[in-house]
Amino acid sequence: MTQTVPQSVTSAAMRRTLAGFATGLSVVAAELDGRVVGMPANSLASVSLDPPLVSLAFARTSTTWPALRTAPRWGISVLAEEQAALLDVLRRPAGARFQGVGLNIDDGAVYIRDALATIAVAPRTVVEAGDHDLVLLEVTHLHRDETQQPLVFFNSTTHLLSH
């Protein structure tokens, strides 16, 4: 077994180390005043089954987070492996981010069409967490297409799940 020398904890070391933790990729979005606001997120985590809660973390430097936090209901879309090309589109500036993207909107919650899973949430608690805000979200509806496989984020790039 190979031992590694511990690194001091810097932002770069933290990013490099946690890039070794595979996550799914999701998109969080809401409709506000007739426009869609949202962004990709790989920080989605299950928090509680009873009551049903999930969490997301948002950088305080985000220009989208201040608008999104005012919406009473959000949609979270878990991306399927066929949706990898969407990530380049979703990295555009906030005003153009969702142009040409197939969306479903339900009572203010916005979902990427044909996503692997969709989760309707209502923000409940915001906790200051370093340079991010950690948001606890109450799950109000959810759906999963069990015929699809997830898009995986690992080592700062997307991957397909291998069985």
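The largest pocket of this predicted model has a volume of about 1,300 Å³. Its lining is made up of 32 residues, and those closest to the centre of the pocket are Arg 15, Asn 42, Ser 43, Ala 57 and His 132. Two or more lining residues come from each of helix 1 (11–18), strand 3 (35–41), strand 5 (52–59), strand 10 (132–144) and strand 11 (151–154), and among the contributors helix 1 gives the most, with four residues. When the residues of this lining are divided by chemical character, 19 are nonpolar, nine are polar and four are charged.

The strands come next. Strand 9, which covers residues 117–129, pairs with strand 6, residues 74–78, in the antiparallel sense, and this pairing extends over five bridges. Within it, Gly 75 has Ala 120 of strand 9 as its bridge partner. Strand 9 is also joined to strand 10, again in an antiparallel arrangement, by 12 bridges, and here Val 126 stands opposite Val 135 of strand 10. Strand 9 and strand 10 together form a hairpin in which two residues lie between the strands, and Gly 130, in the turn, has a positive phi of about 65 degrees.

Strand 2, residues 26–32, includes Ser 26. Is Ser 26 buried or exposed? Its relative accessible area is 3%, which is under the 20% limit, and therefore Ser 26 counts as buried. If neighbours within four places in sequence are left aside, the residues in contact with Ser 26 are Met 39, Pro 40, Ala 41, Leu 44, Ile 76, Ser 77, Val 78 and Leu 79.

The aromatic side chains can be considered in a similar way. A pair of aromatic rings is described by two values, the distance of the centres and the angle of the planes. The model has three aromatic pairs, including the two set out in the table below.

| Aromatic pair | Distance between centres | Angle between planes | Arrangement |
|---|---|---|---|
| Phe 58 and Trp 65 | 4.4 Å | 0 degrees | stacked |
| Trp 65 and Trp 74 | 6.1 Å | 90 degrees | edge-to-face |

Why is the pair of Phe 58 and Trp 65 described as stacked? The planes of the two rings are at 0 degrees, and because planes under 30 degrees apart count as stacked, the pair receives that description. The rings of Trp 65 and Trp 74, by contrast, have 90 degrees between their planes and form an edge-to-face pair. Ring pairs thus link Phe 58, Trp 65 and Trp 74 into a cluster. Phe 58 is buried, with a relative accessible area of 2%, while Trp 65 is buried with a value of 3%, and Trp 74 is buried as well.

One of the contacts of Trp 74 leads to Arg 69, a residue found in the loop between helix 2 (65–68) and strand 6. Arg 69 has a relative accessibility of 41%, and because this value lies between the limits of 20% for buried and 50% for exposed, Arg 69 counts as partly exposed. Leaving aside neighbours within four places in sequence, Arg 69 is in contact with Trp 74, Val 126 and Asp 133. Val 126 has already appeared in the hairpin, where it stands opposite Val 135. Arg 69 can also be placed relative to Ala 45, from which it is 24 residues apart in sequence and 18 Å apart in space, taken from C-alpha to C-alpha.

Terms used: Residues numbered from 1 in each chain as written. Predicted model: local features only at pLDDT ≥ 70, side-chain atom pairs only at ≥ 80, totals over all residues. Heavy atoms only, no water. 1 Å grid on protein atoms, 1.4 Å probe; cavity = no way out; pocket = protein on both sides within 12 Å on 5 of 7 lines; lining within 4 Å. Points joined across faces, edges and corners; volume = space filled by probe spheres on them. Nonpolar A, V, L, I, M, F, W, Y, C, P; charged D, E, K, R; others polar. Buried < 20%, exposed > 50% of the residue type's maximum accessible area, 1.4 Å probe, protein only. Contact = heavy atoms within 4.5 Å. Pairing = 2+ DSSP bridges. Phe/Tyr/Trp six-rings, centres within 6.5 Å; stacked < 30°, edge-to-face > 60°.
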